[in-house]
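Hi,

Here is the structure I promised to send over. Have a look at it first, and then read on for what turned up when I went through it.

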Amino acid sequence: MRCTEARKVIYLWRPGEVPEESRAELRRHLAACEACAAEFRAAEESFHEVDSLRRAEPLLDDPGSLTAGIMREVEGIGRRERLSLQHLPVPRFLSSRVRLSLRFALTLLVGVLLVEVSVDAQRLVKLERRLQTQNPAGGALTVPLQSGLIAPSETLNSLLKVAGLRPDEARTLLDDLRARYPRLASITIDDGLDARERAILDTEGKTFLKEFEKLIRTGGKNE
Amino acid sequence: MNSEVHTLPPSNELVRQAARGDKNAFRGLVERHRQYAYALAFRIVCDADDARDVVQEAFIRVWRHAERFTGETKFTTWLYTIVTNIALDMARAESRKRRLFTVASHLSEESISAARSESGDPVSNRDLAAWIRRISDELPPRQRMVFVLRDLQDLSVAEVALILQVSESSVKTNLCYARRHIRMKLEQLQKRG
């Protein structure tokens, strides 16, 4: 075995990566070549380090809430699919022309509702732009936005990180905000917003956003 | 872990049931594979919140496209391909803003094994992310992915090749380069420490 081949086999050290004959050849080569043997010793140390890194498995915090979030999204997908034009519920005894008109009217109604939701999203975009100009780190903020006046916790969390908070600090702060605004926290964006929820957003939501903006400016500290 | 997870049918059967709209089967899949999917996502994006987002998005794609799963490969290979693709997209986007926004790690220049043996506690996710970044961030994307999938996630060379859609010999070549780079990086860190 030549040195170039040996230097390759040295790094394919885990089971199944090279045939046993190649390993045997490498052993013979190392016994005769001090330079490759030195590289092998150095490589062995790094293998142990990587082994430690592999054993230290990152653990998922609060797996139940992740599953719940996924299942909520999946439920939402089902609902959105049912909202397509062909599936809109119209009585079968009506003539086809009337059924078509009725479907059109219902679609228009759904469209108007969607526009309202997107207006809320626009307000959130504006808020985010304001926060962007005020945040001490500066630069572009590419947090994905979702519809609704109150951003989902992931967005808030990201914004808090921008303000220089550690993830655990941001999480604690958000938990605290959620505890102090329980009515807001109870609103689920996935289900759309009813009149009661809109009223909460118009009152408690505005107070919350003001407080949140202040937190961003002060890096998470209450003034 | 939920003990019911162990009594569920094999994953391939659960995907078939999920493709027919069975949400309980889908939940079983999520509960069975979320931790491992999270570990993979975390090792690519090196951020706990982002890794959660990746896993959530990946399972939603599984739900949407369950009928496309043919069963020719293991379900895990299919899931990890989805996780890898989403995580890679996110990591690319993150790499542009990381310099501005990432909170500096408090981990000193000590080895991961030393950190474990001194405290006796498992390494925190944060320290783990800092270490993975430190030794692998300078690798070209293909080498980094091969290193993460093979050396950290412990997948076979054949599985890595399937997930990245390259040949097994390409996986091995990239592994060689990646491991050599990591050895040199670790030596540098030791000298500095």
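Which residues of H3(B) and H7(B) meet each other? On the H3(B) side they are B:Tyr38, B:Phe42, B:Arg43 and B:Val45, and on the H7(B) side B:Asn125, B:Leu128, B:Ala129, B:Ile132 and B:Arg133. By class that is six nonpolar, one polar and two charged residues. The two helices pack with their axes 8 Å apart, at an angle of about 55°, so H3(B) counts as oblique to H7(B).

Before going further, please keep in mind that this is a predicted model. It comes with an ipTM of 0.79 and a pTM of 0.61.

Back to H3(B), which spans residues 23–45 of chain B. This helix also packs on H4(B), residues 48–64, at about 140° and with 8 Å between the axes. That pair is therefore oblique as well, and the crossing is right-handed. From H3(B), the contact takes in B:Lys23, B:Phe26, B:Leu29, B:Val30, B:His33, B:Arg34, B:Ala37, B:Tyr38, B:Ala41, B:Phe42 and B:Val45. H4(B) answers with B:Ala48, B:Asp50, B:Ala51, B:Arg52, B:Val54, B:Val55, B:Phe59, B:Val62 and B:Trp63. Sorted by class, there are 15 nonpolar residues in this contact, with one polar and four charged. If you are colouring residues, B:Tyr38, B:Phe42 and B:Val45 turn up in the contact with H4(B) and again in the one with H7(B).

H7(B) has another partner to look at. Its residues are 125–136, and its axis comes within 11 Å of the axis of H8(B), residues 141–152, with a crossing of roughly 130°. That makes these two helices oblique to each other, and here too the crossing is right-handed. B:Ile132, B:Ile135 and B:Ser136 of H7(B) touch B:Arg144, B:Phe147 and B:Leu152 of H8(B). The class count is four nonpolar, one polar and one charged. B:Ile132 is worth a click, as it is part of this contact and also of the one with H3(B).

Now for the charges. Over all chains, the search of the whole structure gives 17 salt bridges. One to pull up is B:Arg179 with A:Glu17, where the N to O distance is 2.7 Å. This pair runs between chains: B:Arg179 sits in H10(B), residues 168–192, while A:Glu17 lies in the loop between H1(A), 3–11, and H2(A), 20–32.

Finally, confidence. Chain B has a mean pLDDT of 80, with 79% of its residues at 70 or more. Two stretches of chain B fall under 50: residues 1–5, with four contacts beyond four places in sequence, and residues 96–110, with 32 contacts beyond near neighbours in sequence.

For chain A the mean is 69, and 50% of the residues reach 70 or more. H2(A) has the highest confidence in that chain, at 91, and H6(A), residues 153–162, the lowest, at a mean of 56. Over residues 130–153 of chain A the pLDDT is below 50, although the model gives this stretch 57 contacts beyond near neighbours in sequence. Where pLDDT is low, predicted coordinates should not be read in detail.

Cheers

How values were computed
Residues numbered from 1 in each chain as written. Chains lettered and ligands numbered in written order. Predicted model: local features only at pLDDT ≥ 70, side-chain atom pairs only at ≥ 80, totals over all residues. Heavy atoms only, no water. Axes fitted to C-alpha atoms, helices over the stretch in contact; angles between N-to-C directions. Helix = DSSP H or I, 4+ residues; strand = E, 2+ residues; numbered from the N terminus. Parallel < 35°, antiparallel > 145°, perpendicular 65-115°, else oblique. Left-handed = near helix turned anticlockwise from the far one by under 90°. Contact = heavy atoms within 4.5 Å. Nonpolar A, V, L, I, M, F, W, Y, C, P; charged D, E, K, R; others polar. pLDDT = per-residue confidence, 0-100. Salt bridge = Lys/Arg side-chain N within 4 Å of Asp/Glu carboxyl O.
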